Amino acid sequence: MEPLLKQRQTNQDIFFSEEDARGIRQPHNDPLVIALTIEGFNTKRILVDNGSSADIIYLPAFQQLKLDPGRLHPFNSPLVSFSGDRVYPKGIVTLKVTIGAYSKQQTRHLDFLVVDCPSSYNVIIGRPTLNRWKAATSTYCLKIKFLTEDGVGEVKGDQVLARECYQAVLAAGENHTWTIEGEKEDNMEALETVELVEGETAKVTRIGMTLSPEMRNKLVHFLKGNLDVFAWSQEDIPGIPRQVIQHELKTDPEKKPVQQRRRVFTLERNRAITEEVNRLLQADFIREVYYPEWLANVVLVKKANGKWRMIQLDKND
């Protein structure tokens with residue numbers, strides 16, 4: 001029997017190696033920040049965000065490029081951030097964008113939402129453009145690669161600038177991962193609520209409605225048989241010994257910490273924060289601390305049932 005042949009690599013294969021990470025200070029958790037040519041201008045402070053469903057240019061950058069406001073077209077859907085904040089774009093504009101260097105480069109006309117809110121970045125490149133570029137990103141290598149007619153092109157991120165932007169983002173409490181309102185719901189599978197404990201309406205979960213009857217029955221039977229893994233409240237979660245696992249904030253003792261400015265929440269959000277903090281205190285999940293230079297603003301996300309979920313507390317605990 002003849003041995004299997006390995007697939008031959010071509011100049012259109014995208015892959016990353018340790019060679020791509022050369023020059024990057026490791027270890028790191030820095031964002032991928034690059035430069036592009038937009039409307040003929042070299043534009044820096046561009047965040048590549050795989051989590052964003054929209055491509056965005058912030059209003060100050062739009063104005064610095066001296067673009068004609070008449071090129072804006074109406075866009076009526078609001079953008080929703082991870083923390084639940086909403087902003088209505090000034091409009092949508094089509095811009096000529098070049099990525100890469102000759103001859104391995106792409107030039108395309110791309111649609112950007114123009115957003116007027118504080119930002120340490122000029123532009124956000126999200127999934128729409130990444131998909132049009134047929135691009136792949138590596139946060140470890142801080143590099144983006146994409147297909148061109150002459151092979152695979154690449155752009156390396158600016159690690160120093162990325163850290164400067166990130167520090168400014170933390171200090172100002174900026175939002176940068178945006179989703180067009182309504183888009184997420186349209187792409188989600190319909191779910192049905194299943195009562196796992198008969199007569200206890202609080203002990204429920206949701207499963208997909210596209211399952212076959214046989215698979216649905218097997219799944220429900222499996223879930224009911226493993227009720228001990230569900231936590232219906234904070235009190236249902238036992239404490240974990242620190243020798244098993246614990247979370248800690250890795251900091252450089254030579255760097256000065258950046259303190260977030262205190263955010264002002266609405267009455268509804270303040271009430272939700274107070275209720276959640278009290279529940280966590282009663283469950284002995286958190287404790288009061290007295291070093292406010294390390295405190296971070298909480299982040300609230302509205303759940304499908306209309307209630308608020310608090311997903312961030314003190315960064316030290």
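This text goes through two sets of paired strands, one helix and one surface patch in a predicted model.

The strands from E1 onward come first. Strand E1 covers residues 33-38 and strand E6 covers residues 91-101; these two run antiparallel and are joined by 2 bridges. One residue to look for in E1 is Thr37, whose bridge partner in E6 is Thr98. Thr98 also has a bridge partner in E7, namely Thr107. Thr98 can therefore be used to step from E1 through E6 to E7, since DSSP bridges define the pairing of strands. The pairing of E6 with strand E7 (residues 104-115) is antiparallel and runs over 11 bridges. E6 and E7 form a hairpin, with 2 residues between the strands.

Another group of strands makes up an open sheet. It has 3 strands in the order E5-E4-E12, and the pairing is antiparallel. Strand E5 (86-87) and strand E12 (178-180) are at the edges, because each has a single partner strand; one side of each is thus left without a neighbour in the sheet. Between E4, which spans residues 79-81, and E5 there are 2 bridges in the antiparallel sense. Within this pair, Val80 is found opposite Arg86 of E5.

From the strands we turn to helix H6. H6 consists of 16 residues, and the distance from its first C-alpha to its last is 23 Å, close to the 22 Å expected at 1.5 Å a residue. Which residues of H6 are buried? They are Arg269, Ala272, Ile273, Glu276 and Leu280. These residues lie on the same side of H6, because they cover an arc of only 100 degrees around the axis. The list includes the charged-type names Arg269 and Glu276 as well as Ala272, Ile273 and Leu280. On the face turned away from the buried side, H6 carries the exposed residues Leu267 and Gln282.

The last stop is the loop between helix H5 (213-224) and helix H6 (267-282), where Ile245 is found. Is Ile245 buried or exposed? Its relative accessibility is 55%, so Ile245 counts as exposed, the cut-off for that term being over 50%. Ile245 also belongs to a nonpolar surface patch of about 320 Å², which it makes together with Ile240 and Val244.

Notes. Residues are numbered from 1 along each chain as its sequence is written. This is a predicted model: local features need pLDDT of at least 70, side-chain atom pairs count only at pLDDT 80 or more; totals for chains, interfaces and linings use all residues. Side-chain values use heavy atoms; hydrogens and water are left out. Patches are made of residues with over 30% relative accessible area and no salt bridge: like charges are joined within 9 Å, nonpolar side chains (Val, Leu, Ile, Met, Phe, Trp, Tyr) within 5 Å. Accessible areas come from the Shrake-Rupley method with a 1.4 Å probe; for residues, only the protein chains shown count as cover. A salt bridge is a side-chain nitrogen of Lys or Arg within 4 Å of a carboxyl oxygen of Asp or Glu. Helices (H or I, at least four residues) and strands (E, at least two) are DSSP runs, numbered from the N terminus. Buried means under 20% relative accessible area, exposed over 50%, partly exposed in between (1.4 Å probe, protein chains only). The expected span of a helix is 1.5 Å times one less than its number of residues. The arc is that of the directions from the helix axis to the C-beta atoms.
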